Amino acid sequence: MSRGGGKGLSLKDKLDGNELDLSLCDLNEVPVRELAALPKATVLDLSCNNLISLPSDFCSLLHLVKLDLSKNRLQQLPLDFGRLVNLQHLDLLNNRLVTLPVSFAQLKNLKWLDLKDNPLDPVLAKVAGDCLDEKQCKQAAVKVLQHMKAIQSEQDRQRQRKLQAEREMEKKREAEQRAKEAQEREVRKREKAEEKERRRREYDAQKAAKQEMEKKTKKETVQSRKPTSSSRPAQPRRQRHSWSRSVLRILLFVLFCILCTLAACKLTELQRQPLCVSVNTLYEDVVAALQNHKTLQNMLQQNSQQ
């Protein structure tokens, strides 16, 4: 295997039992595919190389129990580094690490950890402490795991709170949407009722106008027929009027004849004729009757006054 990770020498030639030593090989990248083909290599030494980062598929090497990455230039570990659940011994001495991925809390079998000579976050550096002997390195593993578990729990709580807030916000949006839809339905219902009422008023107005037009037309028809119908009863009225005039004329004529006869019988020589004698006698009887009628009225008036 050449520098840079090329295939110059087979990894099997470097395998000694379950240990694979790839230190001081001037590696710029990790040959993950070749390492995956050697599941017996549970102890891997990659110290003293030029590694700046680990590939994401490096975390598929689940068979690793001991891993030495000291004296490289690692700036960060893969986010799913916690998948290496069988890892018990991890050496990260003298790299450029500032923080550890939250998944680090899943390395439940980790018993030994060295983070010296890294520009660690002050909180993480205080938790890790020194790794000057076996005891301190074991304590570092326990404390860092607890610290990362606390961070993971806090992140989980934050994530839960965020999800809860998002759910509450979603419920609020749904409630607002339902309220908006209900309001829109109410507006549409009111507009529909107003439109129906407007059409009803228009219908009533048209109906009233039609009835008024029919009434006016009927009235005009009646008025146009009235002269013809009134002219018909005018004929009997005119006939009765002409008949009354005729009767009046006859009565006046008869009265005139009577007066002429009476005058002739009183003032002429015909007064000795039998006809005139009868006429004069009748005249005198009428006059006497009228005088008696007048005398009776006077007596009745006097009695009433008494």
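**Figure 1. C131 and C137 are joined by a disulfide.** In this predicted model, the sulfur atoms of C131 and C137 lie 1.4 Å apart. A pair of cysteine sulfur atoms counts as a disulfide when they are within 2.5 Å, and by this rule the count comes to one. Take a moment to follow the S-S bond itself: the torsion about the bond of C131 and C137 is about 95°, so this disulfide is right-handed.

**Figure 2. Here are four cysteines that count as buried.** Let us start with the two partners of the disulfide. C131 has a relative accessibility of 7%, so this residue counts as buried. Its partner C137 is at 2% and therefore counts as buried too. Now turn to two further cysteines. For C25 the value is 14% relative accessibility, which means that C25 is counted as buried. C59 comes out at 0% relative accessibility, so C59 is also counted as buried. The cut-off behind these labels is a relative accessible area under 20%.

**Figure 3. F81 and F104 make an aromatic pair.** A search of the whole structure finds one such pair. The ring centres of F81 and F104 are 6.2 Å apart and the planes meet at 5°, so the pair is described as stacked. Where along the chain do F81 and F104 lie? F81 sits in the loop between strand 4 (66–68) and strand 5 (89–91), while F104 sits in the loop between strand 5 and strand 6 (112–114). The pair therefore ties together parts that are 23 residues apart in sequence. Both F81 and F104 are buried.

**Figure 4. Stepping back, the chain has four helices and six strands.** In which pattern do they follow along the sequence? Reading along the chain gives β-β-α-β-β-β-β-α-α-α. With this pattern in hand, you can trace the chain through the view and find the two loops that hold F81 and F104.

**Figure 5. The chain has 306 residues, and 24% of them are buried.** C131 and F81 are among the buried residues. The chain exposes about 22,400 Å², and carbon and sulfur atoms supply 54% of that area. Contacts give another way to look at the chain: of those between residues at least 6 apart in sequence, 34% join residues at least 24 apart.

Methods: Residues are numbered from 1 along each chain as its sequence is written. This is a predicted model: local features need pLDDT of at least 70, side-chain atom pairs count only at pLDDT 80 or more; totals for chains, interfaces and linings use all residues. Side-chain values use heavy atoms; hydrogens and water are left out. Buried means under 20% relative accessible area, exposed over 50%, partly exposed in between (1.4 Å probe, protein chains only). Contact means heavy atoms within 4.5 Å. Accessible areas come from the Shrake-Rupley method with a 1.4 Å probe; for residues, only the protein chains shown count as cover. Rings of Phe, Tyr and Trp (its six-membered ring) pair if their centres lie within 6.5 Å; planes under 30 degrees apart count as stacked, over 60 as edge-to-face and the rest as tilted.
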